[in-house]
Amino acid sequence: MIVDNIKEIYNEINETCSKVNRDPSEVTLIAVSKTKPYTDVEKALESGCVDYGENKVQELDQKYDLLPKDINWHMIGHLQRNKVKYLVGKAKMIHSVDSLRLANQIEKEYAKKDMIAMVLIEVNMAGEESKFGIKPDETESLIREISTLEHVKVCGLMTIAPYTLEPEENRKYFKGLRELSVDIASKNIDNVSMDELSMGMSGDYNVAIEEGSTMIRVGTKIFGERNYNV
Ligand SMILES: *Cc1c(COP(=O)(O)O)cnc(C)c1O
């Protein structure tokens, strides 16, 4: 089941990319395993998928310990500053940096281990009150500040689009994030790359790929509905 679901998504990535003349190797599927047992990740690994996403540090840590060490773990959820120290050396990329305070904490913890954190800046494209992320028009100045940190490398932007049953409704947010990324890339800020665009989830990843996503974060479509009450 899980493996079939992943293969189906790889097929869709190929089809959508050929529709818009993109190379499918530019799109990484991040299988979002949050709330699911590590044994589900073991099954998913049989598909060849090596990128997994978690939104809680503790859960990422637990699965990191139990699973093969060549998995790429992505921290995709809101990150509290006091939890940063548990991610060092474990997370391949942190997708949810949205403040200088958090970036400074990441700098401090990664410097201690002489490592560099690969991060994305989370942008709240739809301006939803309930969501984390920086406002689009404050993104460049935040990136300029973070770019001075030696142990933090900005690799691109991330957004969580609103929940919708109509994926086309989110196209404007994906397009907007790509335009913002192109704009920031044109400023050639030292120590900043805009290579990655983390956007698209179970309901809207095809639209996100059409708009330039390089990382889609898919949970429900792979592992099934989540139950938060257990
Ligand atoms: C849970 C989560 C996802 C996956 O959502 P699905 O709709 O289940 O695919 C993607 N991104 C983030 C940040 C998440 O927290």
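Let us begin with Ile 143. Is this residue buried or exposed? Ile 143 has a relative accessibility of 0%, so it counts as buried. Please bear in mind throughout that the model before you is a predicted one. Ile 143 belongs to helix α5, which spans residues 139–146. Consider Gly 156 as well: 13 residues separate it from Ile 143 in sequence, and the C-alpha atoms of the two are 9.8 Å apart in space.

I turn next to the strands. Strands β2 and β3 run parallel and are joined by four bridges. Within this pairing, Gly 53 stands opposite His 74 of β3. How are the faces of β3 covered? On one side Asn 72 and His 74 are buried, and on the other side Trp 73 and Met 75 are buried, which leaves both faces of the strand covered.

Trp 73 also takes part in an aromatic pair. In general, two pieces of information describe such a pair: how far apart the ring centres are, and the angle between the planes. In this model the count comes to one aromatic pair. Its members are Tyr 52 and Trp 73, with ring centres 6.0 Å apart. Why is the pair called tilted? The planes of Tyr 52 and Trp 73 stand at 50°, and an angle that is neither under 30 degrees nor over 60 is classed as tilted. The pair connects distant parts of the chain, since Tyr 52 lies in strand β2 (residues 51–54) and Trp 73 in strand β3 (residues 72–75), 21 residues apart. Tyr 52 has a relative accessible area of 0% and is therefore buried. Trp 73 likewise counts as buried, because its relative accessibility is 0%.

Another ring deserves a brief mention. Lys 69 is placed over the face of Tyr 64, at 5.0 Å from the centre of the ring.

Two further strands, β4 (residues 91–97) and β5, pair in the parallel sense, with two bridges between them. Ile 94 has Val 119 in β5 as its bridge partner. How many residues of β5 are buried? The strand comprises residues 117–122, and five of its six residues are buried, which makes it mostly covered.

We now come to the ligand. The residues around it include Val 32, Ile 76, Ile 160, Met 201 and Arg 226. Which atoms of Lys 34, Ser 202 and Gly 219 approach the oxygen atoms of the ligand? For Lys 34, a polar side-chain atom lies 2.6 Å from a ligand oxygen. For Ser 202, a polar side-chain atom is likewise 2.6 Å from an oxygen atom of the ligand. With Gly 219, a backbone N or O atom lies 2.8 Å from an oxygen of the ligand. On its own, the ligand has 390 Å² of accessible area, and the protein covers 90% of this.

Finally, I would draw your attention to two loop residues. Asn 21 is not a glycine, yet it has a positive phi of about 60°. Asn 21 sits in the loop between α1 (2–19) and β1 (28–32). Its relative accessible area is 74%, so Asn 21 is exposed. Thr 35, also a residue other than glycine, has a positive phi near 70°. Thr 35 is located in the loop between β1 and α2 (38–45). Is Thr 35 buried or exposed? The answer lies in between: at 32% relative accessibility, Thr 35 counts as partly exposed.

Key:
Residues are numbered from 1 along each chain as its sequence is written. This is a predicted model: local features need pLDDT of at least 70, side-chain atom pairs count only at pLDDT 80 or more; totals for chains, interfaces and linings use all residues. Side-chain values use heavy atoms; hydrogens and water are left out. Rings of Phe, Tyr and Trp (its six-membered ring) pair if their centres lie within 6.5 Å; planes under 30 degrees apart count as stacked, over 60 as edge-to-face and the rest as tilted. Buried means under 20% relative accessible area, exposed over 50%, partly exposed in between (1.4 Å probe, protein chains only). A charge sits over a ring if NZ of Lys or CZ of Arg is within 6 Å of the ring centre and within 35 degrees of the ring normal. A residue is near a molecule or strand if one of its heavy atoms lies within 4 Å of it. A polar contact is a pair of N or O atoms within 3.5 Å; within protein, one must be able to donate a hydrogen and the other to accept it, and residues adjacent in sequence count only if both atoms are side-chain atoms. Accessible areas come from the Shrake-Rupley method with a 1.4 Å probe; for residues, only the protein chains shown count as cover. Two strands pair if DSSP finds at least two bridges between them.
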